[in-house]
Amino acid sequence: MQATEDKNGIDVLVIGGGLAGLATSIHVARAGLRVTCVQSDELRSDLVGESLDWSAPDLLKAIGLPTNMLMQRGIATIKQHVTLRLLDGSERHYVPGTWLAGFPFNVCLDTIHVDREALAQVIGDLAERERVHVISDQVIRVEEKARRILSVVTKRGLQLHARWFVDASGGTTRLLARTFSLPSREYGPGKVAMWDYFSVTGPTVEGTTLYCASSAKYMDWIWQIPIRPGLVSVGCVSTGEAIKQQRQSGLNVPQIYEARLKEFPALASLLTAAGPVAPRVTSFRCRVHKRVSGPNWLIVGEAASMVDPMTANGVTAALRHAQEAAALLIRNRNASRLPRPAAAAYSRRVTDIAAFFNNLIEKIVYERDIRAHVGVLVAGDVYTIPAWLMNLFYSRIRPKGVIATACFGMVLCFLRCGAATFSRFCRVRAAAPTPD
Ligand SMILES: Cc1cc2nc3c(=O)[nH]c(=O)nc-3n(C[C@H](O)[C@H](O)[C@H](O)COP(=O)(O)OP(=O)(O)OC[C@H]3O[C@@H](n4cnc5c(N)ncnc54)[C@H](O)[C@@H]3O)c2cc1C
C-alpha cells in the first residue's frame, strides 16, 4: 500500500466524477463537508445524454447552472417539444400542455439540449471552486464490515477512509451494487447506440426529433438533437442482437449507421453533406437496483438505476439522486449512520421512479402490442402524459418521508400495472380471430 489518506481528512468520498458524482460533490461541499471524488479517466466513456426532460433545468440551477447562463455560453439550446417522425413521413409533436404553465403548477414549458462535453467542463470548474478534491484514479476494492464501508483502495495503491461514501461509478462499473450483490431487475434486451455529430446551417430546431420505423416488432429508433447552434447529434438505438446479426453479415459499424440514417430523407441529406462518418458506440442494458443505501453509503446515478435513453430521464435522475443523497448526508453529518427509514425511503424512490420509466417505455413504445393497437403516434401520447405528470408531481410534492415515499410508490405501481394490463389487452385483441 503506497499511501494512506489521513483517516479524518475526508467527510464524503465520492466514487466516479460523472454528472451524478460531481453534482453530489458540489452539494455536499457547499454545506461545508470535506469531499474527495475519485474519478477514473481510463473508464470514462464518450459522454451522451444531450436531450433533457422538463425537470432537469431546475436541478441544474440548484448546482449553480441556470439555463440562461448555459445558453449564453453556447452549452445549451432550447427544447420546446419532442417530434416523432415515421418512415411514411407522418409526425407528431409532443408539447407540454399550456395549462401546466399557469397556477397552481407554474411549470416552465421549455427545457434544454446540452453539449455534454462543455457541460462536464463547467461542472468540473464548479466542483473545483467548491473545493472538491478530485483524484484521478480508479477504485478497485471496497473494504467493508457488516455492510459498513471502512475504506476503498485505488489502482495507484491509495487507501481512502471516509465517514460517508457515495457510489457514482455509472452503469458499467456499478461498484457497490456488485460489492454488496444488490438485487436488480433488467428491462428490455441489451441495446446498442451509435452516434455522430453533424454541422448544420440555418436556424436551430427547438426540439428533439425521434425517427422510428413503427412496424418493427421491437422498436428501434434514431435521435436528432440540436446540442448547440450549428451542431446536431444523430444517434441510432437498436437491440444488441440486431447489431450482432448485421455485423455477422459483414457490415461494419459506419455501414450499419449509414444504412439506418438513409431510411429517412432528412438524415440522408446530413450524411451526403458530411462525408465519411465515424460513429461512437456504446452498449447498455436498462437495469434498476434495489437497496441502494447502507449504513454509511448511498448509490447515485446510473450506478443505482439506468433508465432507457428514450425517456430522456437519465440526466434528471442523476441530478435528482445527487440532490437527495447530498441532503441526506448533510442532515446526518454528525450521526454515526444514516437513519434506516430515511435511507430506505431514498432507496425506494430511486428504484420506483426508474422502474416506472423503464416499465412504461418498454410496454408502450418498445414492445409491439400497444403500438400496433393504437398506432405509434398515439402510443407516444400514452407514454408522455403519465411521464410528464410523474415528473411534475415529483418536483412539486418532493416526497421525502417514508409515508410520502410509500404513497408516491403506490401511484407509480398503479400506473405500471395499468400499462401492463393495457398491453395484455392489446395482445389478446390482436390474437383474437377477426369476424368475417
Ligand atoms: C445512448 C445513451 C443515450 C442517452 N441519452 C440521454 C438523453 O438524451 N437524456 C438523458 O437525460 N439521459 C440520457 N442518457 C443517460 C445519461 O447519459 C446518464 O444517465 C448520465 O450521464 C449518467 O451519469 P452518471 O454520472 O450516473 O454516470 P457516468 O456518466 O457513467 O459517470 C460515471 C463515472 O464514474 C467513473 N468511474 C467508473 N468506475 C470507476 C471507479 N471504479 N473508480 C473511479 N471512477 C470510476 C467513470 O469514469 C465515469 O466518469 C443516455 C444514455 C445512453 C447510454
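Which residue in β12 does Ile 15 stand opposite? Hi everyone, let's start there. The partner is Asp 167. Please keep in mind that we are looking at a predicted model.

Let's walk through the strands around that pair. Ile 15 belongs to strand β2, residues 12–15. Val 12 and Val 14 point one way from β2, while Leu 13 and Ile 15 point the other way, and all of them are buried. If you are new to strands, here is a handy rule: in a regular strand, side chains alternate between the two faces of the sheet.

Strand β12, residues 164–167, shows a similar layout. Trp 164 and Val 166 go one way, Phe 165 and Asp 167 go the other, and again all are buried.

Now, who pairs with whom? β2 and β12 run parallel and are joined by four bridges. β2 also pairs with strand β3, residues 35–39, in the parallel sense, over four bridges. There, Val 12 stands opposite Val 35. From β12 we can step on to β18, which runs parallel to β12 with three bridges between them. Asp 167 turns up once more here, standing opposite Ile 299 in β18.

Next, charges. Side chains of opposite charge can pair when their charged atoms come close. This structure holds 20 salt bridges, and I'd like to show you a few.

Arg 44 bridges to Glu 117, with the closest N and O atoms 3.3 Å apart. That pair links distant parts of the chain, 73 residues apart: Arg 44 is in the loop between β3 and α2, and Glu 117 is in helix α4. Arg 44 is partly exposed, at 39% relative accessible area, and Glu 117 is partly exposed too, at 42%.

Asp 196 and Arg 280 form another salt bridge, at 3.4 Å between the closest N and O atoms. They sit 84 residues apart, in strands β13 and β17. Asp 196 is buried, with 11% relative accessible area, whereas Arg 280 is partly exposed at 30%.

Some charged residues join up in a group: Glu 186, Arg 285 and Arg 287 are linked in a network of salt bridges.

Finally, let's look at the surface. Where do positive charges gather? Arg 147, Arg 185, Lys 290 and Arg 291 form a patch there. Arg 291 lies in the loop between β17 and β18. Why is Arg 291 called exposed? Its relative accessibility is 53%, and exposed means over 50%.

That's my tour, thanks for listening!

Terms used:
Residues are numbered from 1 along each chain as its sequence is written. This is a predicted model: local features need pLDDT of at least 70, side-chain atom pairs count only at pLDDT 80 or more; totals for chains, interfaces and linings use all residues. Side-chain values use heavy atoms; hydrogens and water are left out. Patches are made of residues with over 30% relative accessible area and no salt bridge: like charges are joined within 9 Å, nonpolar side chains (Val, Leu, Ile, Met, Phe, Trp, Tyr) within 5 Å. Accessible areas come from the Shrake-Rupley method with a 1.4 Å probe; for residues, only the protein chains shown count as cover. A salt bridge is a side-chain nitrogen of Lys or Arg within 4 Å of a carboxyl oxygen of Asp or Glu. Lys and Arg count as positive and Asp and Glu as negative; His and the chain ends are not counted. The place of a charge is taken as NZ of Lys, CZ of Arg, CG of Asp or CD of Glu. Helices (H or I, at least four residues) and strands (E, at least two) are DSSP runs, numbered from the N terminus. Buried means under 20% relative accessible area, exposed over 50%, partly exposed in between (1.4 Å probe, protein chains only). Two strands pair if DSSP finds at least two bridges between them.
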